[in-house]
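Good morning, everyone, and thank you for making time for this. I would like to walk you through one structure, slowly, for those who have not looked at it before.

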Amino acid sequence: MSMAARDRARQIVVISAFCFMIIAAMVGTGLFGGTPVQALQNGALDQDGSYLAPARPAFSIWTAIYVGLFAYTIWQALPLQRDSERQRALGWLIAGTMVLNGLWLVTAQFGSLALTVLAIIVLLAVLGVTFHRTVIDPADGWADRLLVDGVTGLHLGWVALATVANIAAWLTSIAPPEWEDAADLWGVIVLLVVAAVGLGIEAASRWRLAPALALAWGLTWLAVGRLTGEPASAAIGITAIVVAFVILGAAIVGTVIREASSLRNAEV
């Protein structure tokens, strides 16, 4: 197969992956007559399914991610992007994240809670690899930066927190009732791990804002869920707010320092 044919195939695969993700989302969220996400797995994935579940408004971030992926799908299909070396490196990976995204929803609808954990861990791993490639292979222009780096960063940040919530929901469903006595302690410990992971993502990505924004968004709504809903936990709620502030604050400071350094180097 010639390079031109492979490039066209990549563009078609990305379009197909997006279409699959949207259809899977419709099936997985119950729009075709199935069960809504919040009622799946006996409600384990709802806002009250575990101590680490964000309140429902947090999930509106999917609108931004899906719109961003739609815009990327259209943009990458343009003739100017066909022979882009960056798209050759990233297009297949982004297509993979969209397929895995859709598979998680289908798994949640028709599979078991344990399988959703496996599916979201694989999705998180592929997103991590994809985002790493955006860092080592710099963007070419604002559209590339927004539609590839920005959207992938949002997707990664949100799925990182969603993975924690998914695992917590699964453990809650299989754990003995007495485990709840230590829920505050373990919830705080897990959130401290989330802080370390979030700061690690930011440092490795040279302080990109998108992952931090998604993590801070999810953590804020997790705090809302624990401080105003059930199961209630002031300790987890307050910790989530602090972690959100630390991750987002570090990303903002790092971005300002990076941009200031770039300006100084440009002047020299």
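I will begin with the overall fold, then turn to the cores, and end with a few individual residues.

Please keep in mind throughout that what you are looking at is a predicted model. If you follow the protein chain from its start, you will meet nine helices and zero strands, so that the pattern along the sequence reads α-α-α-α-α-α-α-α-α. The C-alpha atoms fill a box of roughly 60 × 50 × 25 Å when it is taken along the principal axes. For a chain of 268 residues, a compact globule would have a radius of gyration near 18 Å, and the value for this protein chain, 19 Å, agrees with that.

A few totals help to fill in the picture. Of the 268 residues, 46% count as buried, and the surface that the protein chain exposes comes to about 13,000 Å², of which carbon and sulfur atoms supply 72%. If we take the contacts with a separation of 6 or more, residues 24 or more positions apart account for 81% of them. As for charge, the chain has 14 positive and 17 negative charges, and the mean positions of these two sets are 13 Å apart.

Let me move to the interior. In general, nonpolar side chains in soluble globular proteins tend to be buried together. In this model, the largest nonpolar core has 41 residues, and the members that touch the most others are L45, L69, Y72, I94, M98, W104 and W158. Which helices each supply at least two residues of this core? They are helix 1, which covers 3–28, helix 2 at 61–76, helix 4 at 85–110, helix 5 at 113–136 and helix 6 at 142–174, and the largest share, nine residues, comes from helix 6.

To see one of those core members in its setting, take L45, which, not counting residues up to four places away in sequence, touches V37, L40, W104, A108, L113, N166 and A169. Apart from this core lies another one, of 22 residues, and L215, L222, V243 and A244 are among them.

Staying with helix 5 for a moment, I would point out T130, which lies in that helix. Is T130 buried or exposed? The answer is that T130 is buried, because its relative accessible area is 1%, below the 20% under which a residue counts as buried. Leaving aside neighbours within four places in sequence, T130 is in contact with L90, L93, I94, T97 and T152.

Further along the chain, helix 7 runs over 183–204, and L191 has its place in helix 7. L191 counts as buried, at 0% relative accessibility, and, with neighbours within four places again left aside, L191 is in contact with L52, L219, L222, I236, T239, A240 and V243. One of these partners, L219, is 28 residues away from L191 along the chain, yet their C-alpha atoms are separated by 9.0 Å. A203, by contrast, is also found in helix 7 but counts as partly exposed, at 43% relative accessibility.

Helix 9, residues 234–267, holds I247, which is buried with a relative accessible area of 0%. Apart from neighbours within four places in sequence, I247 is in contact with V194, A195, G198, L199, A212, L215 and L219. I247 and W75, on the other hand, are 172 residues apart in sequence and 31 Å apart in space, C-alpha to C-alpha.

Finally, I would like to look at two loops. In the loop between helix 7 and helix 8 we find R206, and W207 lies there as well. R206 has a positive phi of about 60° although it is not a glycine, and phi of W207 is near 65°, again a positive value in a residue other than glycine. W207 counts as partly exposed, at 27% relative accessibility. What kind of peptide bond joins E230 and P231? That bond is cis, with omega about -5°, and P231 is found in the loop between helix 8, which covers 209–228, and helix 9.

Terms used: Residues numbered from 1 in each chain as written. Predicted model: local features only at pLDDT ≥ 70, side-chain atom pairs only at ≥ 80, totals over all residues. Heavy atoms only, no water. Core = buried A, V, L, I, M, F, W, Y, C linked by side-chain atoms within 4.5 Å. Buried < 20%, exposed > 50% of the residue type's maximum accessible area, 1.4 Å probe, protein only. Helix = DSSP H or I, 4+ residues; strand = E, 2+ residues; numbered from the N terminus. Contact = heavy atoms within 4.5 Å. Rg over C-alpha atoms; globule rule 2.2 N^0.38 Å. Areas by Shrake-Rupley, 256 points an atom, 1.4 Å probe, with all protein chains shown as cover. Lys, Arg positive; Asp, Glu negative; His and termini not counted. Charge placed at Lys NZ, Arg CZ, Asp CG, Glu CD.
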